[in-house]
Amino acid sequence: MTHWIKTALLGLVILSTACQPDAFFTEKPEVLYIRRDGADMPAYIYGNTDSKVLMLIVHGGPGGNGLEYRTGSFAEAMEKDYGMVYWDQRGQGSSHGKFDESSLTIATLVEDLHFLVETLKSHYGADTKIFMFGHSWGGTLSTAYMLTDEYQKDIAGWLEVDGAHDLPLLNREAILMYRSIAQQEVNKGGENEVRWQEILDFANGVDINNITDEESGQINSFGFEAEGILEDVFSPEDPPTPGLMEFLFGSPTNPLTSFLAGNATNSALNDEIEQTAFTQQFNKVEIPVIFLWGKYDFVVPPALAYTAFNWTASPDKELVIFEHSGHSPMANEPELFTKAVRDFIEKHR
């Protein structure tokens, strides 16, 4: 398994077990299970479905789960105005079933996602507007969805949030970010100077035209660390932490089984993801799209947003860079992020 994906998975599990708001345990969602090719995948729907607008969360990882995005003020604000669909992908979260590992491909997950979109349209009405929100690995999967057949026509608008849609470009740009920003931080001195020097030494020793799997893993690991020690990145929100009994029995997603299943799925998808490079196919994207990115995202550098924006064919495209955010601007700058998302939805609903 490529280490960078594993590191991201661990971060997602920590988030989901430590930062769920109280409402997560007290409100009851509508749950739709989609069954396809041996996999049963839950979609937990909260919020204002009467609005006839749904935001479909395509979670990160691989190995995350939908409900980990139901944290903080962003999700709370969105649920007041729109229906929010927190889906667990095949082999991840609370999904289950019996299927062959060979079915764990990007193409299979795209078909799962399309089946979910059709199910939501059938359940809530053909006039329901669906906005797809893909974060991190979810950006990879949602990009693949947009590039498959005519599927994008079922979507009112696409929000790609720090999406990993081009792994070779991601690794190269991360090294260039390290070299630039780590050098600036070393020059400043301060309590993190030694740590920044270690990151800089690593980056200077990488041949960006021949990045190994081991280096790819270290790039990802340093990405989360660099974001955490950079003063320009605002600290994420700290939602209320649930009590032990709420944590153990109140969540439909068991963190241990979610982690184990996600790790296996992660491993199966690994080789394909490492070779994925969708940038030059963004000229096939014709629906409204907004790219939402943290300026200091070392995990998925903003260069991916700029290049994807330039390649995108849609006349209704936007790019928003959050000046004090890393990999998750919804947590670093929730008010600005929420406004950008709401403005985009209201424009295209």
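**Exercise 1. The end of helix α6**

Find what glycine 189 does with its phi angle just after α6, then describe the helix before it.

*Solution.* Start at the exit: just after α6, glycine 189 takes a positive phi of about 75 degrees. Keep in mind that this is a predicted model.

Now step back into the helix. α6 covers residues 167–188, which makes 22 residues. From first C-alpha to last, α6 reaches 31 Å, close to the 32 Å expected at 1.5 Å a residue.

Next, look at the start of α6. There, aspartate 166 brings a side-chain oxygen to within 3.1 Å of the backbone nitrogen of leucine 169.

Last, pick out the buried positions. They are Leu167, Leu169, Leu170, Asn171, Ala174, Ile175, Met177, Tyr178, Ile181, Ala182, Glu185 and Val186. To read such a list, remember that an α-helix has 3.6 residues a turn, so residues three or four places apart point the same way.

**Exercise 2. What packs on helix α11**

Work out which residues of α11 are buried, and which elements they pack against.

*Solution.* Helix α11 runs over residues 303–311, and Ala303, Leu304, Ala305 and Ala308 are buried in it. Then follow the contacts: the buried residues of α11 pack against α6, and also against the strands β8 (289–294) and β9 (317–322).

While you're in this stretch, check phenylalanine 309. Lysine 317 lies over the face of that ring, 4.6 Å from the ring centre.

**Exercise 3. Two phenylalanine pairs**

Classify the ring pair of phenylalanine 133 and phenylalanine 337, then do likewise for phenylalanine 202 and phenylalanine 222.

*Solution.* The structure holds 15 aromatic pairs. Take the pair of phenylalanine 133 and phenylalanine 337: the ring centres are 6.2 Å apart and the planes meet at 75 degrees. Planes over 60 degrees apart count as edge-to-face, so that's what this pair is.

Where do phenylalanine 133 and phenylalanine 337 lie? Phenylalanine 133 is in strand β6 (residues 129–135) and phenylalanine 337 is in helix α13 (residues 334–348), so the pair ties together parts that are 204 residues apart in sequence. Phenylalanine 133 and phenylalanine 337 are both buried.

On to phenylalanine 202 and phenylalanine 222. Their ring centres are 5.3 Å apart with planes at 55 degrees, so this pair is tilted. Phenylalanine 202 belongs to helix α7 (residues 193–204) and phenylalanine 222 to helix α8 (residues 213–229), so parts 20 residues apart in sequence are tied together.

Check burial too, with a cut-off of under 20% relative accessible area. Phenylalanine 202 comes in at 17%, so it is buried. Phenylalanine 222 has 4%, so it is buried as well.

Finally, widen the view: ring pairs link Tyr178, Trp196, Phe202, Phe222 and Phe298 into a cluster.

**Exercise 4. A glycine between α7 and α8**

Decide whether glycine 205 is buried or exposed.

*Solution.* First locate glycine 205: it's in the loop between α7 and α8. Exposed means over 50% relative accessible area. Glycine 205 has 58%, so it is exposed. For a reference point, go to isoleucine 175: glycine 205 is 30 residues from it in sequence and 9.7 Å from it in space, C-alpha to C-alpha.

**Exercise 5. Two polar residues in loops**

Explain why arginine 90 and glutamine 152 count as buried, and find a backbone atom that each side chain reaches.

*Solution.* Arginine 90 lies in the loop between β4 (83–87) and β5 (96–97). Its relative accessibility is 0%, so it counts as buried. A polar atom of its side chain lies 2.9 Å from the backbone oxygen of arginine 36. Beyond its sequence neighbours within four places, arginine 90 has contacts including Asp37, Phe99, Asp112 and Thr265.

Glutamine 152 sits in the loop between α5 (137–146) and β7 (157–161). With a relative accessible area of 7%, glutamine 152 is buried because the cut-off is under 20%. Its side chain reaches the backbone nitrogen of glutamate 286 at 2.8 Å. Leaving out residues up to four places away in sequence, glutamine 152 touches Tyr145, Met146, Lys284, Val285, Glu286 and Ile287.

Technical notes:
Residues are numbered from 1 along each chain as its sequence is written. This is a predicted model: local features need pLDDT of at least 70, side-chain atom pairs count only at pLDDT 80 or more; totals for chains, interfaces and linings use all residues. Side-chain values use heavy atoms; hydrogens and water are left out. Helices (H or I, at least four residues) and strands (E, at least two) are DSSP runs, numbered from the N terminus. Buried means under 20% relative accessible area, exposed over 50%, partly exposed in between (1.4 Å probe, protein chains only). A polar contact is a pair of N or O atoms within 3.5 Å; within protein, one must be able to donate a hydrogen and the other to accept it, and residues adjacent in sequence count only if both atoms are side-chain atoms. Contact means heavy atoms within 4.5 Å. The expected span of a helix is 1.5 Å times one less than its number of residues. Rings of Phe, Tyr and Trp (its six-membered ring) pair if their centres lie within 6.5 Å; planes under 30 degrees apart count as stacked, over 60 as edge-to-face and the rest as tilted. A charge sits over a ring if NZ of Lys or CZ of Arg is within 6 Å of the ring centre and within 35 degrees of the ring normal.
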